[in-house]
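Work through the exercises below with the sequence and the coordinates side by side, and try each task before reading its solution.

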Amino acid sequence: MERPVEASSMPGMDGVCTAPEQKREPEASCSGEPSRRREAKVKQSRSSRAGLLFPVSRIERQLRRGQFAERFGANAPVYLAAVLQWVTHKTMDMAGKISKKSNQQYISPCHLQMSIKNSPVLKHLLGSGPKHRGRAVPKSQRVASTSKTKKTKR
């Protein structure tokens, strides 16, 4: 620890306090508020900084592993995550409305299919949509097949 310097030993230092330095209160800033020391920043994910629910880091990893391009910008995975989140939200929102209209409590594959089919934006973006497989056909297209051949008596 340093020794306190006496006022008489240095020229021009008359009346200076010789007490050892103690902890000082923070000095006032220009705004009149005491300045605060910068506290350690809380680490945030890129998804939370962008305000997204979809994982930006995972999408970036998939972009790098997929070798779609040699290089891509830092904002590319953020933008792609935002687009994927928007498409998912729009599809699920419309499918939920369709399932409510049909008095069902859950969203089935046919509701998703109908939501893509009914939205011109989603239809254009996702192409023709998923192909009909099994019972995933919308109810409006399910028609009881009638036998067209009549049996004749001989």
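**Exercise 1: helix 2 and helix 3**

Helix 2 and helix 3 pass each other in a right-handed crossing, where right-handed means that the near helix is turned clockwise from the far one by less than a right angle, and left-handed anticlockwise. The model is predicted, so local features need pLDDT of at least 70 and side-chain atom pairs count only at pLDDT 80 or more, while totals for chains, interfaces and linings use all residues. Residues are numbered from 1 along each chain as its sequence is written, and side-chain values use heavy atoms, with hydrogens and water left out.

Task: determine the angle at which helix 2 and helix 3 pack, and list the residues that make the contact.

Solution. Begin with the helices, which are DSSP runs of H or I with at least four residues, numbered from the N terminus. Helix 2 covers residues 56-66 and helix 3 residues 76-101; they pack at about 110 degrees with their axes 9 Å apart, the axes being lines fitted to C-alpha atoms over the stretch in contact and the angles running from 0 to 180 degrees between N-to-C directions. Helix 2 is therefore roughly perpendicular to helix 3, a term that applies to angles of 65 to 115 degrees. Next, take contact as heavy atoms within 4.5 Å: Val 56, Ile 59, Glu 60 and Leu 63 of helix 2 meet Pro 77, Val 78, Leu 80, Ala 81 and Leu 84 of helix 3.

**Exercise 2: the core**

Task: identify which residues make up the largest nonpolar core, and which helix gives the most to this core.

Solution. A nonpolar core is a set of buried Ala, Val, Leu, Ile, Met, Phe, Trp, Tyr and Cys residues joined through side-chain atoms within 4.5 Å, and buried means under 20% relative accessible area with a 1.4 Å probe, protein chains only. The largest nonpolar core has 5 residues, namely Leu 52, Val 56, Ile 59, Leu 63 and Ala 81. Helix 2 gives the most to this core, with 3 residues. Finally, leaving aside neighbours within four places in sequence, Ile 59 is in contact with Pro 77, Leu 80, Ala 81 and Leu 84.

**Exercise 3: Gln 85**

Task: decide whether Gln 85 is buried or exposed, and find its contacts beyond four places in sequence.

Solution. Gln 85 lies in helix 3, and its relative accessible area of 19% makes Gln 85 buried. Leaving aside neighbours within four places in sequence, Gln 85 is in contact with Leu 52, Leu 53 and Phe 54.

Technical notes:
Helices (H or I, at least four residues) and strands (E, at least two) are DSSP runs, numbered from the N terminus. Angles under 35 degrees count as roughly parallel, over 145 as roughly antiparallel, 65 to 115 as roughly perpendicular and the rest as oblique. Buried means under 20% relative accessible area, exposed over 50%, partly exposed in between (1.4 Å probe, protein chains only).
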